[in-house]
Amino acid sequence: MHDFEAVIGLEIHVELSTASKIFCSCPTTFGAEVNTQCCPVCLGLPGTLPALNRKALEYTVKAGLALNCQIARHTWFDRKNYFYPDLPKAYQVSQQDAPLCVNGYLEIPVGDSGTKKVGINRVHLEEEVGKSLHAGETIIDAVYSLLDYNRAGIPLIEIVTQPDIRSAEEAQTFLESLRNILRYIEISDCKMQEGSLRCDANISLRPKGSTAFGTKTEIKNLNSFRAVRRALEYEIKRQAGLLRDGLPVEPETRHWDEQKGVTVAMRSKEQTSFYRLFADPDLVPIDLSAEWIQQMERELPELPGARRERFIDEYGLPEYDARVLTAAKEMADFFEEVVKGYNDPKTVSNWIMTEILRYVKEQGEEAEGIPLPPASLVELLQLIEGGIINRNQAKEIVLPEMVASGKAPRQIVKEKGLEQISDTSQLEGVVASVLEANPDVVQDYLGGKEKVMGFLVGQVLKETKGKANPRLVNEMIREKLKQ
Amino acid sequence: MTIAGMSVVEILEGQQRGEFTPEEVLRAHLDRIEGEDVGAFLRLCPAASPGPGPLQGVPVALGDEVCTEGVETTAGSRILAGFVPPYQATLAANLQGAGAAVVGKTNLTEFGMSFDMEDALCGRTQNPWRPGTTPGGAAGGAAAAVAAGQAAAAVAADTGGDVRIPASYCGLVGFTPTYGRISRYGVIQHAPSLTQVGLLARKVRDIALLLQVLAGEDPQDHTSLPGTLPDLLAEVGEPQPLRIGIAPGAYKSWAEGEVYETLERLWQETAAQLGWQLVEVDLPWLDLAQIARRLIAAAESSSTLGRYDGVRYGYRAKDAQDMRELFSRTRAEGFGQVVKGEILLGTYILGDKDHYEAYYLQALRARKLVYKSWQGLWQEVDLLLTPTTPELAGRGKTPPEIFTGPSNLAGLPAISLPCGLVDGLPVGVQLIAPAGEEGRLLRAADALEKMIDFASSRNGGGQGA
């Protein structure tokens, strides 16, 4: 029986978040009414010409630098020619022979504390095509098809990894790390459900220890990180089954069926065509100076790896905390903002990693960010420290309400009447009557059974409907029983 | 002297002296369009009106490949029948901004993809010098319009001689500036790397005036040249001592005898008076350049014309059952034979790795070689003087672009001037300059034009105005 190793490479398309399209000044806003964000240029009307958006070039180079790539000093665009209704010029402006960025890597976490470098083969810049909606399964058997050219001409980068990924889980981790770094450098919102990040996976198996490559399949229609992982897990099992039975793996494109949880061979593909690629004569070749590339490098913000190290050094956080907090830019930004107002990094980190993260995760894997402003968490922590509310009240009552209503913690505490009673004169009577009502317990305590203190404090809390400050009650009982 | 048939300079000066108004100028040209049908125009611009500016009242014709907002623009193809651009070509906007009156859109071979005007699909255009004879192409309509006095000047695309060849056949000045000098935005093209927007007029000074208005960087054209031109008209004046390259060997082998003799006589008679030093050079790469230009044009056409698929605008095949049928029938029915042949050739040479290596890549190498040959030539000479076409209009034995194509391969400025008549048909002389040297080129052309005095020879023959 062979033990197989998976060999996985990813091809990721990312829409850049430039304000305007790559070759014209149309906006790139997602979700606009169909065919309202297009012009003669992005519709490829006769005689129109592309005017390169410099920002798209900058964003691509920044992506390349963040992924440790070499940046091409001389580059150009090619035309990739094919006929399809959503492709207005019948060619896509892309880069074949001279990608802007090559030979990089992305370091991803593996296991509890290890890391691994996944090679980046290339990052190149191209234009997005329009969107087709078929009244039927495919364009061939559709009764009719509708076209929306809003998307046509949005700048797109294609990131191709080396076949360095060895498991479905690693593929998911890679995508999460990639998404994080691209969001750090603010070149894309990377939303898979809106299609601004899309992924195809190439996968083959080989006997463990072998260095040769097996026959690969390409999986398409992966619409979430979870789908990437599940589809690869399925495909590993499927290919392993074939190989164990001595059957060949067909080199084919397979479609991930999310409902059924299987990959299926796509209808026999159109004969793989040579795209008649050649340098686009409408765009002059681009020469990038070393100074300009350095400028781009200087403009890069602190990247996740560096930030993780800084969190350990500057805030004294454990490695684990630093890694979790820097795994999303929003989270790391949130942490630093809260610490500015409440200077106890470890307490803040604990709150974020346990309580806040729970709310983030509830929003799904494409969380828009933290569901409350940093100032609110600062206020909440101050309320606890000041003894106004206790930790449990903060977690169980105030925080959920803050997330749900967006109200300030102080206001919630007031509305719900949660202020702790920290005034001894208000508690004297209650403490006295609890002690009076539980003479046996008091005897136990005086006999050395310290543990029963919890019961007595609990009784006081019960009488005050939880408002009594437990620390204060504890002190008062201790004081009383000393006498 | 009638207004229709005047040069741009004459029109501007006449208006300035108060001899006639811009409206009278326009009327005179429109009358000539109605009166003398040479098949120059595909359609007139109903809103043509002169405005203030350096070209106030100058009636200009545009090749139908130039997009005009609100006016049907077809580039001479059925596949664009009924297409009305919602945008203006930069050059059309610049002309109107300078006060010119765009009178109409002129005939051309389909997408400008043949130098033989007989290939035009939207009607026959006559050479005003001799009805029944070709005006040359692709910009045959533009040249016929100016030669017939229906416009004072015209603008059209040139990918290998499309403006200079008809200028030569029709006894006009035809000019292509350095690649990128005039914006290509809104000009329907088939081979963008070869396309230089060209100008047609009666006199070199007219060209200088038009170029002054049309030259300039256009943010909508990534290949447009930065920087501005000097005041060309002010520079056109005294003859300059120049080294002028001639290649008698190549001219003799490609051009017909009478054309060669006309040219030889010209340089022998004028060089000394102009202060020109003639330098004999060799152009062994002319046929290589011709083949390379042809292959590159076909390759780029096969891609650039892909957009005419019937989905968004223009001709659409009726009752297509699916996407493939829509594409193939739209293009089969919409394109003419010449264009289909070029698209097939281009698809063939790009569509397979072996063909790509053997033809397209070779053509690019040849282009580089031609480019280097020009670089070498400019070490020896300041301008190159050639026949514009190897033959007179209508002979059709030799590729008419043999002398005009090589400058497009390198994006060089070039100009054709009428220099004599043979059998009552005009012969053109071409001057080619290094990139960016429009000033030198126009100065020399202006000086040569004065020596030739073509206007009086015209009065002796031909009926073109």
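In this predicted model, the buried residues of helix H8 of chain A are A:Val348, A:Ser349, A:Trp351, A:Ile352 and A:Ile356. The cover over these buried residues includes helix H6 (319-326), helix H7 (329-341) and helix H9 (374-385) of chain A. Helix H8(A) has 18 residues (residues 345-362), which at 1.5 Å a residue should span 26 Å, and the computed separation of its end C-alpha atoms, 24 Å, agrees with that expectation. The helix also carries a kink of about 40°, and this kink is centred on A:Ile356, a residue that appears among the buried ones listed above.

Chain A also contains an open sheet of 9 strands, in which the order is E2-E6-E7-E10-E1-E11-E12-E13-E14 and the pairing is mixed. Strand E2 (70-71) and strand E14 (262-265) of chain A stand at the edges of this sheet, and because each has a single partner strand, one side of each is left without a neighbour in the sheet. The partner of E2(A) is strand E6 (residues 101-110) of chain A, to which E2(A) is joined by 2 bridges in an antiparallel arrangement; within this pairing, A:Gln70 has A:Val102 of E6(A) as its bridge partner. Helix H1 (residues 54-66) of chain A packs on the sheet, where it touches E2, E6, strand E7 (114-127) and strand E10 (155-161) of chain A, and the direction of the helix makes about 160° with that of E7(A). Helix H2 (residues 168-184) of chain A lies across strand E1 (4-15), E6, E7 and strand E11 (197-207) of chain A, and runs at about 115° to E6(A).

A further open sheet in chain A is formed by 3 strands in the order E5-E4-E15, with antiparallel pairing. Here strand E5 (91-94) and strand E15 (278-279) of chain A occupy the edges, and since each has a single partner strand, one side of each is left without a neighbour in the sheet. Strand E4 (residues 78-81) of chain A pairs with E15(A) in the antiparallel sense over 2 bridges, and in this pairing A:Arg79 stands opposite A:Phe278.

In chain B, strand E9 (residues 383-387) is largely enclosed by the rest of the structure, because 5 of its 5 residues are buried. Strand E7 (residues 242-246) of chain B runs parallel to E9(B) and is joined to it by 2 bridges, with B:Ile244 standing opposite B:Leu383. E9(B) also pairs with strand E11 (residues 425-432) of chain B, in this case in the antiparallel sense and over 4 bridges, and B:Thr386 stands opposite B:Gln430 in E11(B).

Attention may next be given to the backbone. Most residues other than glycine have a negative phi, and most peptide bonds are trans. A:Cys190, however, has a positive phi of about 50° although it is not a glycine; this residue is placed in the loop between H2 and E11 of chain A, and it counts as buried because 20 other C-beta atoms lie within 10 Å, where 20 or more are required for that description. B:Phe111, which is likewise not a glycine, has a positive phi of about 55°. B:Phe111 lies in the loop between E3 and H4 of chain B and is buried, with 31 other C-beta atoms within 10 Å. The loop between strand E3 (101-106) and helix H4 (140-147) of chain B also holds B:Ala138, which is joined to B:Gly137 by a cis peptide bond with an omega of about 10°.

B:Arg265, which lies in helix H9 (residues 257-274) of chain B, is exposed, since 12 other C-beta atoms are found within 10 Å of it and a residue with 12 or fewer is classed in this way. The C-alpha atoms of B:Arg265 and B:Gln362 are separated by 38 Å, and these two residues are 97 residues apart along the chain.

Finally, the two chains meet through contacts between 38 residues of chain B and 28 residues of chain A. Helix H10 (286-304), helix H11 (323-334), helix H12 (337-350) and helix H13 (353-380) of chain B each supply at least two residues of the side of chain B that touches chain A, and H10(B) gives the most to that side, with 3 residues. The residues on this side of chain B divide into 20 nonpolar, 9 polar and 9 charged.

Key:
Residues numbered from 1 in each chain as written. Chains lettered and ligands numbered in written order. Predicted model: local features only at pLDDT ≥ 70, side-chain atom pairs only at ≥ 80, totals over all residues. Contact = placed C-beta atoms within 7 Å. Nonpolar A, V, L, I, M, F, W, Y, C, P; charged D, E, K, R; others polar. Expected span 1.5 Å × (residues − 1). Bend = angle between axes of the 7 residues up to and from the residue. Pairing = 2+ DSSP bridges. Axes fitted to C-alpha atoms, helices over the stretch in contact; angles between N-to-C directions.
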